[in-house]
Amino acid sequence: MKRRQFLQRSAEALAASLAVSAWVEQLQHGARAGGQPGRVLVLLELRGGNDGLNTVIPFRDPRYQQARPSLAIDDGPALDADLILHPALAPLLPIWKARRLAFALGVGWEQPTRSHFKAIDQWATGTTSGSGPGWLAAALDRRGSRGPLVALGPTGSAALEGGRALAIQMAPAQLQGRLPARVDPAQAGNHALLRRMLALEANGRRELLRLRQALRPPPEGLQLPRGGLGPQVALALQLIGSGAAPPVIQMAQGGYDTHAGQGSRHGKVLAELASALAGFERGLKLLPGRPEVCLLATSEFGRRLRENESNGTDHGSASIALLLGDGVPHPFLGTYPDLERLDGRGDLIAGLAPQKLYEKLLHL
Amino acid sequence: MSVCPPIGTPKRPVACRLREVQELQAHWLERLAFGQGRADDELVQLWLGLFPVSWRQLSDMRLLEAQIATIRAHLQGSYSDLLQAMIQDTALQISLNGLGNRRRNPNENFARELLELFTLGEGHFRERDVSETARALTGFRRGADGRLFVDPRQHDAGLKTILGRREPFEGASLAAWLCQQQATALNLVRRLWPRMVGVAPTGGQLEALAGRWRQQGLALPWLMQALRRSATAPANRGQRLEDPILMMARSLRLLGSRHPDALLIARQHLGRMGQEPFDPPSVKGWPVNGEWINLRWQQARVRGLQALLSDEEVWASRRTPGTLVVGVTAIPPLTFTLPLAVSREAMGLLFTDPAWQFA
């Protein structure tokens, strides 16, 4: 457990705060100028470590083909002369052609960790140390926004937490069920901690009620996946179209830790992803007067170039990130890692640090 | 599922380790809820937050059991002895990269945490002390039996200057020397107070307590008794937001069901409450007291208890008291009044009341 580079951390925090201020100004300006609600940032977490090499595929590279005798893919929707998409992602091609889809290439940490939980902490905080408030929570705090940051994924997200702005979770249970009875924070008397706890719960309850009341039915005919990501996308669209869109929405999809039998498993999760994102895009078109929306899909790390003995891949380093929506930097951010230049473990070397990616996103 | 390679084999599949740690987690919860040595186990749980090891860093879950046994064996001794045992603990050394700390290629991770968290505290040592401490801790290796020994070829036996004293320090002499420092007693008292009592007092109270503890030779029973006395004093009772693990153990105990579902549900939900057993988020351990305040975790606490209550098997095998008496919560409930005859509804009221979360 090495997570205490204090000096480095504060330097990173400073850099992050500078980066965010542009977004903040833009948001405030936007709100003043048009009376439009601010931009909505949707974070989609692909849990388990998505194999970037088999998502945006350097199919012409002989080193890719050699390293993956059973897993190499050589045919799929073309992004440019050298890169193709996994065939399961074909539903994304129209969005790509409309220039509303972009890929960040070679995203990862300079000194990568292969531990899921450490890497998730790093991504959540946008720091190599993996400690501190979530990057989105910190961004809203600097903006002076009260949020809320709304997590739709079943286990919430540390990227949304640890700031002053309210982070709430919204799952079907909280949407339909009866909310727990409200306890007046004044009942805490002089018990400061209890009062804080009750106040937070009262705020969360109030915010949840407000969002619930503002929800409109989702646009029809979206053909979203039934389970997993589908209901989250539907709810995200409802929130975006509600007229009271929260500035940050989080979603999550699992199943990317493909140590064994990757071929069919990876195809299956990517197919669900593509179907959910295509539905999301269709939904955005059907929401009149909606705020600007940008979705960022990231994963905690990529996977090793060389496949393993179980027709799978082990934890690697650099991977790809996906951006979808208004004003995304189509076609690419960063460059594809050189398959000739690998690190000591045989992993791709990242060229685009997650902090830089966040910075870019907040500047859009 | 395929057969797991024997324990001790390096790089065992995560599924095997997961199964083993889940068994251990359920067993540990059972002990905290129902065990004969519950009082000691609660103290062990406390120290697991001060000498934190995540199961994710280990390939052999028996190392966690060994750490627990070592801590328990030292509860009646002095902090100096406990610290020395922790320096020689395999799990802790692995988690802080101690086995990579060699004479020619020192790794300072363990040394830094030792000075900053386990003894002196921030601001009471210099970088030079860290590197010299790392030298004193070089050479630990795992023997065939899993225990640590010092490999003379990898240990730096030379003189080291630590906090102004020049000696050929190694693990034991280092622990003893660090425990002689005034700052160590104060740092430990400062870290333990919020975990056992709540919001730390202002003024010189902590300093006074640390001073008296030093006069007691850093005896752990003396300190624990003193902290417990403070925790149960009227001004402090019910002021501390309890760790999820101990809150859950208390809930299991009140329900009294020994059905395996109960432990299963408890274990699953503890992760969502932010405190999966044996998985502290960092070397600083789990959040403490007010640090637990987070809407997601708060809601997870209530949902976990509701899940426990809504399981038919658990409810059918309950051994609840007839009445929820005054004093079942550390502060009076906010949403109902005690005493209350036990029913499923009454248990639901208790488990969703904020008062149940405090100790």
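## A friendly look at chains A and B

Modeller: Of the 364 residues of chain A, 51% count as buried (20 or more other C-beta atoms within 10 Å of a residue's own, with C-beta atoms placed from the backbone; 12 or fewer is exposed, and in between is partly exposed). This is a predicted model, in which local features need pLDDT of at least 70 and side-chain atom pairs pLDDT 80 or more, while totals for chains, interfaces and linings use all residues. Residues are numbered from 1 along each chain as its sequence is written, with chains lettered from A and ligands numbered from 1 in the order in which they are written.

Colleague: Thanks! Which helix of chain A gives the most to the largest nonpolar core?

Modeller: A nonpolar core is a set of buried Ala, Val, Leu, Ile, Met, Phe, Trp, Tyr and Cys residues joined through C-beta atoms within 7 Å. The largest has 94 residues, and V42(A) and L136(A) are among those with the most contacts inside it. Helices (H or I, at least four residues) and strands (E, at least two) are DSSP runs numbered from the N terminus. With nine residues, the top contributor is helix α9 (residues 262–285) of chain A.

Colleague: Where does this core lie relative to domain 1 and domain 2 of chain A?

Modeller: The bounds, from an automatic or database domain assignment, are 53–99 for domain 1 and 116–255 + 279–297 for domain 2 of chain A. Both domains give residues to this core, so its place is between them.

Colleague: And how far apart are the C-alpha centres of those two domains of chain A?

Modeller: Taking domain 1 and domain 2 of chain A as assigned, the separation of their C-alpha centres is 33 Å.

Colleague: Over to chain B: is helix α7 largely enclosed or open?

Modeller: The buried residues of α7(B) include D129(B), V130(B) and E132(B). Their cover includes α6 (109–118), β3 (160–162) and α8 (171–179) of chain B. Because seven of the ten residues of α7 (residues 127–136) of chain B are buried, this helix is largely enclosed by the rest of the structure.

Colleague: What is the C-alpha separation of Q76(B) and P221(B)?

Modeller: Q76(B) sits in the loop between α3 (62–73) and α4 (79–87) of chain B, and is exposed, with 12 other C-beta atoms within 10 Å. Not counting residues up to four places away in sequence, Q76(B) is in contact (C-beta atoms, placed from the backbone, within 7 Å) with L220(B) and P221(B). Although Q76(B) and P221(B) are 145 residues apart along the chain, their C-alpha atoms are separated by 5.7 Å.

Notes
Contact = placed C-beta atoms within 7 Å.
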